[in-house]
Amino acid sequence: QVQLVESGGGLVQPGGSLRLSCIASVGTIFSIYNMAWYRQAPGNQREWVAFISPESATNYAESVEGRFTISRDNVKKTVYLQMNKLQPEDTAVYYCNTAFSTKGDTANKNWGPGTPVTVSS
């Protein structure tokens with residue numbers, strides 16, 4: 001069973017940057033997993049943000065394309081989300097999870113606590 005812990009969120013001004021991290025507890029086979037980032041804004045459903053394959057092929061939601069970058073370190077069993085040019089509409093709790101499609105479909109219901117990101121002046 002995969003367990004996930006996200007960190008790195010906080011308060012940032014519009015136009016600013018943050019780097020989120022997600023550590024996965026999966027034994028020694030983290031490198032075989034597709035991983036993805038998601039977010040849930042207040043009052044909204046959780047939505048997919050970014051995807052990365054074991055070979056580091058990536059895919060992004062249109063709303064973050066060109067501003068966010070997903071990456072991974074298989075040795076550290078960690079996935080990152082570099083977020084640049086943040087906008088107030090990026091305010092949400094951010095989660096990571098395993099995924100079985102490039103659009104972030106996931107079968108793992110064991111979500112981590114998430115990390116909150118607030119973009120405000």
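1. The sheet of four. In this predicted model, 4 strands form an open sheet in the order E1-E3-E8-E7, and their pairing is antiparallel. Strands E1 (3-7) and E7 (68-73) stand at the edges; each has a single partner strand, so one side of each is left without a neighbour in the sheet. On average, and ignoring direction, neighbouring strands here are turned by 20° against each other.

2. E3 against E8. Strand E3 (residues 18-25) runs antiparallel to E8 and is joined to it by 6 bridges. One pair to look up in the viewer is Arg19, which stands opposite Gln82 in E8.

3. E7 against E8. Strand E8 covers residues 78-83, and 6 bridges join E7 to E8 in an antiparallel arrangement. Two facing pairs can be used to check the register. Ser71 lies opposite Tyr80 of E8, and Asp73 lies opposite Thr78 of E8.

4. The turn between E7 and E8. These two strands make a hairpin with 4 residues between them. Within that turn, Lys77 has a positive phi of about 55°.

5. Burial of E8. Is E8 enclosed or open to the outside? Of its 6 residues, 5 are buried, so E8 is largely enclosed by the rest of the structure. The cut-off for buried is under 20% relative accessible area.

6. Strand E4. Residues 35-40 make up E4, which is mostly covered, with 5 of its 6 residues buried. E4 pairs with strand E5 (residues 47-52) in the antiparallel sense over 5 bridges. E4 is also joined by 6 bridges to strand E9 (residues 92-98), again running antiparallel.

7. Residue pairs along E4. Which residue of E5 stands opposite Tyr38? That residue is Trp48. Towards E9, Trp37 has Cys96 as its bridge partner. As general background, side chains in a regular strand alternate between the two faces of the sheet.

8. The turn between E4 and E5. The hairpin of E4 and E5 has 6 residues between the strands. Gly43 in this hairpin takes a positive phi near 80°.

9. Points to keep in view. Strands of a sheet pair through backbone hydrogen bonds, in either a parallel or an antiparallel way. The pairings of E4 with E5 and of E4 with E9 are antiparallel, and so is the pairing in the sheet E1-E3-E8-E7. For a quick inspection, the positive phi values of Lys77 and Gly43 mark places to look at in the two hairpins described above.

Key
Residues are numbered from 1 along each chain as its sequence is written. This is a predicted model: local features need pLDDT of at least 70, side-chain atom pairs count only at pLDDT 80 or more; totals for chains, interfaces and linings use all residues. Side-chain values use heavy atoms; hydrogens and water are left out. Two strands pair if DSSP finds at least two bridges between them. Axes are lines fitted to C-alpha atoms, for helices over the stretch in contact, and angles run from 0 to 180 degrees between N-to-C directions. Buried means under 20% relative accessible area, exposed over 50%, partly exposed in between (1.4 Å probe, protein chains only).
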